[in-house]
Amino acid sequence: MSTSLPARSRAQITLTGVEVTRGATVVLRDVDLTVTPHSRIALVGENGRGKSTLLHVVAGSLTPDAGVVRRFGTLGVAEQEMPADDGRTVGDAVGDAIADALRALSELDSAADALAQGEPHADERYACALDAATTLDAWDAERRVDQALDALGAETDRARPLRELSVGQRYRVRLACLLGAEHDFLLLDEPTNHLDRGGLDFLTDRLRSRAGGVVLVSHDRTLLRDVADTVVDLDPTSDGRPRVYGGGYAGYLDGRRAERERWEQQYARQQSEHARLQDDLQSARDRLVTGWRPDKGTGKHQRATRAAGLVQSVHRRQADLDAHAVTVPEPPQLLRFPELPTRRGSELLTAHDITVDGRLPAPVSLSVTGRSRLVVVGPNGAGKSTLLNVLAGFPPSSGTVHRSSGTRVGHLAQESSLPVDERAAELYERRVAQAVVSGILPQSRAVPLSSLGLVRDTEAAKRVGELSMGQQRRLELALVLATRPHVLLLDEPTNHLSAALVDELTDALGATAAAVVVSTHDRQLLTDLDAWPRYELSPVAVE
């Protein structure tokens with residue numbers, strides 16, 4: 001089997017005019033992208049916008065419906081799921097990852113023997129083998145993988161079957177193998193999902209320092225800030241084409257803000273011109289009906305001449321209106337938090353020694369007062385989601401939760417439970433109506449869905465199951481805000497949302513008068529909420 005050598009400085013991937021369509025939906029349109037060994041490219045956007053699709057096109061595992069893709073160099077791809085049903089072990093995964101380096105070392109040893117024995121052309125063979133081993137840095141390959149396995153908290157037992165590992169453990173093994181290999185390009189899909197803080201720091205350092213190019217899909221704004229020098233934004237634009245921003249994550253934020261302002265101005269100009277033309281047409285029609293009648297005594301010929309001119313005026317204005325197509329779609333709205341109420345100084349929620357069998361074993365006591373802020377932290381499995389569920393109304397195994405009379409609580413759960421067959425607008429209206437009928441919310445305080453800037457009219461008309469994960473998450477947030485809660489309980493609120501919307505949500509949480517309790521692993525959100533008090537849960541002991 002031949003050895004695949006990295007192309008190093010000559011490596012390049014180019015996409016020109018790439019389009020991908022799924023049924024009647026255009027997932028990617030007119031994508032142009034160049035990836036070099038120096039590239040650190042992030043693909044961003046809400047879930048369902050085509051990030052993973054574009055990554056597959058770059059990798060060559062998906063052929064686009066239109067456009068051209070050219071690749072020169074070696075690729076390493078880390079997707080969310082790693083096959084484990086074929087009896088392979090951790091050692092097999094490591095061996096596959098550094099197979100080229102191992103073959104290069106084997107060939108170098110063989111060529112050295114041939115050279116020592118004076119075989120014909122042995123010097124040329126040895127020179128080629130040495131060049132290949134040097135290009136791959138083959139002598140250090142196994143050490144690099146071992147270092148990555150250890151730093152990422154991955155399984156290091158080479159004999160351990162992959163099927164015995166969790167999804168997260170298998171992903172860490174796969175990621176460590178790729179970081180240890182020396183591919184020209186590394187393609188990563190949500191690489192931070194299964195890593196602890198130490199693993200995140202190691203990944204960040206390796207992505208910044210590696211010699212080859214990186215293309216990554218991520219919602220982790222800290223990783224984007226630390227690694228990306230170019231951001232490809234797949235969220236909606238005025239012409240349906242993705243936007244490519246330089247200057248790292250900060251450049252993306254500035255560029256997106258300027259792009260949005262241009263979009264809003266273009267849309268406003270077209271709407272204004274369209275309204276003017278409609279007014280002109282209506283005025284011409286009014287004149288045709290009433291304005292052409294001459295004074296008493298005017299002859300029939302004069303009346304007929306004036307009528308014909310007015311008819312022509314109507315036709316001209318109708319033609320002008322028909323020719324003025326509104327080509328700029330409505331810009332996405334900014335998040336607009338409703339005015340949420342507060343009760344200063346009063347205890348809105350009080351938990352005393354609550355436990356939940358198997359999920360929250362250590363008693364928890366805390367209180368939530370008006371305008372208070374709290375971040376619940378702890379490792380996976382410590383019971384953060386369980387705690388928020390109990391505060392929201394789930395009965396504990398022991399202990400008590402008291403909610404003061406009239407307190408409205410909005411709970412954004414980590415996992416979706418929306419009815420997939422109901423239309424988004426109908427679901428929202430039904431939830432609001434239930435709150436009004438039950439006396440939880442006065443009708444005058446109900447929040448219209450269109451006022452929140454979370455769900456567009458076209459999305460509101462769809463069934464929930466037809467919405468992307470990001471659109472469903474925005475609908476869930478809208479349902480939480482619909483009843484103007486006194487307390488917001490938010491479990492991983494940044495999941496599936498675009499980076500831009502997360503920034504808007506963070507600002508809103510800081511400004512709202514409601515009490516807020518947040519549980520999150522989002523590093524940037526934790527940094528942004530650094531001044532908030534924290535309640536730390538200990539890991540659940542496993543017997």
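Here is a short chat between a biologist and a modeller about this predicted model.

Biologist: Before we start, what pLDDT do local features need?

Modeller: Numbering runs from 1 along each chain as its sequence is written, and side-chain values use heavy atoms, leaving out hydrogens and water. In this predicted model side-chain atom pairs count only at pLDDT 80 or more, totals for chains, interfaces and linings use all residues, and local features need pLDDT of at least 70.

Biologist: Are the planes of Tyr-249 and Tyr-252 stacked, edge-to-face or tilted?

Modeller: The structure holds two aromatic pairs, where rings of Phe, Tyr and Trp (its six-membered ring) pair if their centres lie within 6.5 Å, with planes under 30 degrees apart counted as stacked, over 60 as edge-to-face and the rest as tilted. For Tyr-249 and Tyr-252 the centres are 5.4 Å apart and the planes sit at 45°, so the pair is tilted.

Biologist: Which residues form the aromatic cluster, and why are Tyr-249 and Tyr-252 about one helical turn apart?

Modeller: Tyr-249 and Tyr-252 are separated by about one helical turn because they are three residues apart in helix α9 (residues 248-291); helices here are DSSP runs (H or I, at least four residues) and strands likewise (E, at least two), numbered from the N terminus. Tyr-249 is buried at a relative accessible area of 2% and Tyr-252 is buried at 1%, on a scale where buried means under 20%, exposed over 50% and partly exposed in between (1.4 Å probe, protein chains only). The one aromatic cluster is formed by Tyr-245, Tyr-249 and Tyr-252.

Biologist: Which helix gives the most to the largest nonpolar core?

Modeller: A nonpolar core is a set of buried Ala, Val, Leu, Ile, Met, Phe, Trp, Tyr and Cys residues joined through side-chain atoms within 4.5 Å. This one has 51 residues, and Tyr-252 is among those touching the most other members, along with Val-173, Leu-175, Leu-179, Leu-188, Leu-207 and Leu-216. The top contributor, with seven residues, is helix α6 (residues 167-180).

Biologist: How many residues are in the second, separate core?

Modeller: Its members include Phe-337, Leu-412, Leu-427 and Ala-508, and the count is 44 residues.

Biologist: Over at the sheet, how many bridges join β1 to β2?

Modeller: Two strands pair if DSSP finds at least two bridges between them. β1 and β2 form a hairpin with two residues between them, and Gly-23 in the turn has a positive phi of about 65°. Thr-14 stands opposite Thr-34 in β2. β1 runs antiparallel to strand β2 (residues 25-35), and the bridges joining them number seven.

Biologist: What about β1 and β4: which residue in β4 does Ile-13 stand opposite?

Modeller: Strand β1 (residues 12-22) also pairs with strand β4 (residues 66-72), in the antiparallel sense and over six bridges. There, opposite Ile-13, stands Arg-71.

Biologist: Is Pro-539 buried or exposed, and which residues does Pro-539 touch?

Modeller: Pro-539 lies in the segment after β17 (534-536). Its relative accessibility is 61%, so Pro-539 counts as exposed. Not counting residues up to four places away in sequence, its contacts (heavy atoms within 4.5 Å) are Pro-379 and Ala-382.
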